[in-house]
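Visitor: I am new to this structure and should be grateful for a close look at a single part of it. Would you kindly describe how that part is put together, and what surrounds it?

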Amino acid sequence: YLPEINALLTISSGIQEKYEQEFNTRSFLITSAKPFYNLVPQPLHDPQIRLVHHGSSIPLRKLEETIGVINYLPKNYSIDLFLFPAYPDYDASLRKMFSGNPRVKFHAPVATDKIPETLNNYDIGVYILPPANFNQQMALPNKFFEFVQARIAMATGPSHELKKLIEKYGLGIVSKDFTSKSLAEAILSITHEKIWHYKSQSHKYARELSYDKELGSIQEIAHKLVQNKKLRLT
């Protein structure tokens, strides 16, 4: 069906390149960016460092690795989870697995449009997404953009797209591999001052990494389609 498509949109440059390599089909890059939120970074409460993760409880994502980072961090670190129980049994197993650790707190999921302001109260957004398949290997999750709008630092596994953008904009740190221990080592390598720097970088680039830019691109594509005009791929 790809030859019949008038306009193909995809969310990351890695997937975009794959479409062209495998199917000789070009596409428009439209990320999962969030609208701009008028928030500011919240100060750290020294010596406490508050980690946070939100999303769906999906076994393929192996969230036990993301949450398990707390097992390798000192007592002044905590992690809060806002998980949607997409797989209730898996969600229950995660809660049971970490039930004995008072530094791990599970909360009810929040509405999508409330995520940035909820996360704004934390210091570092954490996420390990193992490359279990091509989509996960090249994913550019909405979490990245929600962390930016929340004005918090990031600590993630070395996912291709995440690593590229985190390093480009100076938004946080990336671990050497997709394990809890490796991510904990990366987190421990940065000071409170560095965490504040990463928060400030999120604030600096919040507008640039918001949906504002994407909306203009989508409107242009839609306008040319309905006008039957030639689309210019960039």
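Guide: In what follows, an axis is a line fitted to C-alpha atoms, and the angle between two axes is taken between their N-to-C directions, on a scale from 0 to 180 degrees. The model shown is a predicted one. In it, helix α6, residues 142–150, lies across strands β3, β6 and β7, the last of these being residues 153–156. The helix runs at about 140° to β3.

These three strands belong to an open sheet of six, with parallel pairing, in the order β5-β4-β3-β6-β7-β8. At its edges stand β5 (104–107) and β8 (172–174); each has a single partner strand, so one side of each is left without a neighbour in the sheet. On average, neighbouring strands are turned by 20° against each other, direction ignored.

Within the sheet, β3 (residues 49–56) and β6 (residues 124–127) run parallel and are joined by two bridges. Here Leu-51 stands opposite Ile-124 of β6.

Leu-51 also appears among the contacts of Ser-78, a residue of strand β4, which spans residues 77–84. Leaving aside residues up to four places away in sequence, Ser-78 touches Ile-49, Arg-50, Leu-51, Ile-70 and Arg-103. Its relative accessible area is 18%, and Ser-78 is therefore buried, the limit being under 20%.

Glu-117, by contrast, is placed in helix α4, residues 115–119. With a relative accessible area of 38%, Glu-117 is partly exposed. Its C-alpha atom is separated by 10.0 Å from that of Phe-147, although the two residues are 30 residues apart along the chain.

Conventions. Residues are numbered from 1 along each chain as its sequence is written. This is a predicted model: local features need pLDDT of at least 70, side-chain atom pairs count only at pLDDT 80 or more; totals for chains, interfaces and linings use all residues. Side-chain values use heavy atoms; hydrogens and water are left out. Helices (H or I, at least four residues) and strands (E, at least two) are DSSP runs, numbered from the N terminus. Buried means under 20% relative accessible area, exposed over 50%, partly exposed in between (1.4 Å probe, protein chains only). Two strands pair if DSSP finds at least two bridges between them. Contact means heavy atoms within 4.5 Å.
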